Amino acid sequence: MLQYLMASMGALPDEVLRVIFLDSAGHLIADEQLQLGSLRQMALYPRTIFRRAMELEAAGLILVHNHPSGDPHPSESDVVVTRTLSEIGRSLDIDIVDHIVVTATRAMSMSSLNTFQPHRPTESSHVVLKDSMGPKAGSPYDRGPAALENARAVRERRSFRRALIGSPELFGEPAWEMLVEAFIQEAEGVKIAVNALCSSSTATPSTALRIFNKLCQARLLVKVSDPNDGRRHFVELTLRARKALDAYFGIEKN
């Protein structure tokens, strides 16, 4: 593989970031170029990498970039970026298997240099993510308050915007508002009913219900019966939505 990488991108005049997506058995899913330009910029765009990984249902990533200077040794920036991505991957159970730096004639594996610790997802970590509701030890919300606080800030800014400008029919995003509310309530360990979730959006009740059903069809939300009241249903985020929103709000800048 190293020979292929050196031949295909080692002599390029500009830095290119390439990501090799792997399944849980380590088999190739996709090999894609995600960024052109200085690797230092990659710290600003982790969402692109992990959003694509979740779209492909990848369990592991190999990052590859070239050094036009001809020196394959990773820079301090390379190491910092790799550690940052490895930390984000840890919360999503996506393994940063390696980061390879290539030139036209040489290649260097950062994992072999022990410059970062790859995260190996365990069976138990996947089981925790499938728990139904609320923050639990080892869950994405156990990383700290950043994602929840950022989500709350988004909700507050939207409420403030409505108070200042009004016209929710012009500026509302009901599907996104419902996902954000579901994320906040679940992170706080609160069960939210379907009607309460629909009322959290700027849409009319009938429109909000149609949007809720579309979110369920898109496998972002699921409806769960209340065991104590057959007429009431609660809302849960799917594992896919939970991971995506935690990644998004975990690096949201306020």
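Contacts between residues far apart along the chain are a good place to start: among contacts in the protein with a separation of 6 or more, 65% join residues 24 or more positions apart. The model you are looking at is a predicted one. The protein has ten helices and eight strands, and 44% of its 254 residues count as buried.

## Helix 7 and the core around it

Let us begin with helix 7, which covers residues 174-187. Helix 7 has 14 residues and reaches 20 Å from its first C-alpha to its last, close to the 20 Å expected at 1.5 Å a residue. How many of the 14 residues of helix 7 are buried? Twelve are, so helix 7 is largely enclosed by the rest of the structure. The buried residues include Met178, Leu179, Val180, Phe183 and Ile184, and Glu177, Glu181, Gln185 and Glu186 are on the buried list too. Just after helix 7 comes Gly189, with a positive phi of about 80°.

Helix 7 also matters for the next topic, the nonpolar cores. The largest nonpolar core has 27 residues, and those with the most contacts inside it are Leu197, Phe212, Leu221, Leu237 and Phe249. At least two residues of this core come from each of helix 5 (146-165), helix 7, helix 8 (194-199), helix 9 (205-217), strand 8 (229-237) and helix 10 (239-250). Helix 7 gives the largest share of this core, seven residues.

You can follow these connections from Phe249. Leaving aside its neighbours within four places in sequence, Phe249 is in contact with Ala146, Ala147, Asn150, Ala151, Val154, Trp176, Val180 and Phe183. Apart from the largest core lies another core, of 18 residues, which includes Ile49, Phe50, Ala58 and Leu85.

## Arg155 beside helix 7

Arg155 is a helpful residue to look at next, and its place is in helix 5. Is Arg155 buried or partly exposed? With a relative accessible area of 30%, Arg155 is partly exposed. Not counting residues up to four places away in sequence, Arg155 touches Glu181, Ile184 and Gln185. The side chain of Arg155 makes a polar contact of 3.1 Å with the side chain of Glu181. Arg155 and Glu177 are 22 residues apart along the chain, and their C-alpha atoms are separated by 7.7 Å.

## Helices 2 and 3

Two packed helices are described by the angle between their axes and the distance between the axes. The axes of helix 2 (residues 46-55) and helix 3 (residues 76-92) come within 11 Å and cross at roughly 35°. The crossing of helix 2 past helix 3 is right-handed. Which residues make the contact between helix 2 and helix 3? Helix 2 brings Pro46, Ile49 and Phe50, while helix 3 brings Leu85, Ile88, Gly89 and Leu92. Ile49, Phe50 and Leu85 also appear among the residues of the core of 18 residues.

Val81 sits in helix 3 as well. Val81 is buried, with a relative accessible area of 5%. From C-alpha to C-alpha, Val81 and Pro46 are 9.5 Å apart in space, although 35 residues apart in sequence.

## Glu32 and its partners

Turning to a strand, we find Glu32 in strand 2 (residues 28-36). The side chains of Glu32 and Arg52 are joined by a polar contact of 2.7 Å. Beyond its neighbours within four places in sequence, Glu32 is in contact with Leu17, Arg18, Val19, Phe21, Arg52 and Leu56.

## Two loop residues with positive phi

Most residues other than glycine have a negative phi, and most peptide bonds are trans. Glu57 has a positive phi although it is not a glycine, and Arg219 likewise has a positive value in a residue other than glycine. The table sets out their details.

| Residue | Phi | Loop | Relative accessibility |
|---|---|---|---|
| Glu57 | about 55° | between helix 2 and strand 3 (60-66) | 69% |
| Arg219 | near 60° | between helix 9 and strand 7 (221-226) | 66% |

Are these residues buried or exposed? Glu57 counts as exposed, and Arg219 counts as exposed too.

Terms used:
Residues are numbered from 1 along each chain as its sequence is written. This is a predicted model: local features need pLDDT of at least 70, side-chain atom pairs count only at pLDDT 80 or more; totals for chains, interfaces and linings use all residues. Side-chain values use heavy atoms; hydrogens and water are left out. Helices (H or I, at least four residues) and strands (E, at least two) are DSSP runs, numbered from the N terminus. A polar contact is a pair of N or O atoms within 3.5 Å; within protein, one must be able to donate a hydrogen and the other to accept it, and residues adjacent in sequence count only if both atoms are side-chain atoms. Contact means heavy atoms within 4.5 Å. The expected span of a helix is 1.5 Å times one less than its number of residues. Buried means under 20% relative accessible area, exposed over 50%, partly exposed in between (1.4 Å probe, protein chains only). A nonpolar core is a set of buried Ala, Val, Leu, Ile, Met, Phe, Trp, Tyr and Cys residues joined through side-chain atoms within 4.5 Å. Axes are lines fitted to C-alpha atoms, for helices over the stretch in contact, and angles run from 0 to 180 degrees between N-to-C directions. A crossing is left-handed if the near helix is turned anticlockwise from the far one by less than a right angle, and right-handed if clockwise.
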